[in-house]
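Thanks for coming. I will go through one model today, starting with a single side chain and then widening out.

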Amino acid sequence: MDIVFIKQLQVDTVIGVYEWEKAITQSLFLDLALTADQRSAAASDDIKLTLDYAVIAEKVTQLITAAPIELIETVAERVAQLLLSEFATTKVEVTVSKPGAVKQAQTVGVHIVRSRS
Ligand SMILES: Nc1nc2c(c(=O)[nH]1)N=C([C@H](O)[C@@H](O)CO)CN2
């Protein structure tokens with residue numbers, strides 16, 4: 001099946017479980033993959049028949065920055081539910097990375113897969 005994707009979407013927001021994290025902004029990086037048949041969009045060359053990645057990036061950023069969140073798991077789940085409810089996709093994969101959270105690691109994060117039920 002076809003996938004529309006966004007890689008390494010940077011979202012600067014208040015994220016973390018510790019008190020000191022609630023007073024600063026940190027960067028999250030998101031990889032998103034939305035499954036949807038793209039044959040009609042390709043045949044008609046019509047943006048209305050695909051998943052507009054610019055719109056997706058904007059809505060995801062708005063969702064994450066609307067209020068402080070503690071866990072990156074919460075970010076991933078909320079993003080997955082937003083994508084499934086507002087876009088014509090049957091399955092989404094969401095990876096949320098938080099570089100710098102573990103000094104000895106390049107990055108840490110969570111990857112979830114959710115389908116329309
Ligand atoms: N599985 C998770 N582990 C941790 C998280 C998280 O969101 N998910 N968060 C933290 C802290 O906020 C950490 O990033 C501060 O450096 C710790 N573990």
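Is Glu21 buried or exposed? The model is a predicted one, and in it Glu21 has a relative accessibility of 5%, so this residue counts as buried. The cut-off for that word is under 20% relative accessible area.

What does Glu21 pair with? The partner is Lys98, in a salt bridge whose closest N and O atoms are 2.9 Å apart. Glu21 sits in the loop between strand E1 (3–13) and strand E2 (26–35), while Lys98 sits in the loop between strand E3 (91–97) and strand E4 (109–115), so the pair ties together parts that are 77 residues apart in sequence. Lys98 is buried too, at 9% relative accessibility. Both the acid and the base of this bridge therefore fall under the burial cut-off.

Next, the neighbouring position on that loop. Lys22 forms a salt bridge with Glu70, and the closest N and O atoms are 2.8 Å apart. Lys22 is in the loop between E1 and E2, and Glu70 is in the loop between helix H2 (53–65) and helix H3 (72–86), so here the parts tied together are 48 residues apart in sequence. In this pair the side chains are partly exposed: the relative accessible area is 33% for Lys22 and 43% for Glu70.

A third pair is Asp46 and Lys48, with 3.7 Å between the closest N and O atoms. Asp46 is partly exposed, at 23% relative accessible area, whereas Lys48 counts as exposed, at 70%.

How many salt bridges are there in total? The count comes to seven, the three I have described among them. On charge overall, the protein has 11 positive and 15 negative charges, and the mean positions of the two sets are 3 Å apart.

Now the fold. The protein has three helices and four strands. Read from the N terminus, the order is β-β-α-α-α-β-β. UniProt, in an unreviewed entry, lists residues 4–114 as "domain: Dihydroneopterin aldolase/epimerase". Over that range the chain is 31% helix and 30% strand, and the C-alpha atoms at the two ends are 15 Å apart.

For a view of the packing, take Ile112, which lies in strand E4. Ile112 is buried, with a relative accessible area of 11%. Which residues does Ile112 touch, leaving aside those up to four places away in sequence? They are Ala76, Glu77, Ala80, Val92, Glu93 and Val94. With Glu77, the separation along the chain is 35 residues, and the C-alpha atoms are 7.7 Å apart.

That brings me to contacts across the whole protein. Counting contacts between residues at least 6 apart in sequence, 59% join residues at least 24 apart. Of the 117 residues, 37% count as buried. The accessible surface is about 7100 Å², and carbon and sulfur atoms account for 54% of that area. As for dimensions, the C-alpha trace spans about 50 × 25 × 25 Å along its principal axes.

To go back to the start: Glu21 is the buried acid, bridged to Lys98, and Lys22 holds the other bridge from the loop between E1 and E2, to Glu70. That is what I have; I will take questions now.

Technical notes. Residues numbered from 1 in each chain as written. Predicted model: local features only at pLDDT ≥ 70, side-chain atom pairs only at ≥ 80, totals over all residues. Heavy atoms only, no water. UniProt positions renumbered as here; feature names shortened; annotations may be inferred. Buried < 20%, exposed > 50% of the residue type's maximum accessible area, 1.4 Å probe, protein only. Contact = heavy atoms within 4.5 Å. Areas by Shrake-Rupley, 256 points an atom, 1.4 Å probe, with all protein chains shown as cover. Lys, Arg positive; Asp, Glu negative; His and termini not counted. Charge placed at Lys NZ, Arg CZ, Asp CG, Glu CD. Salt bridge = Lys/Arg side-chain N within 4 Å of Asp/Glu carboxyl O.
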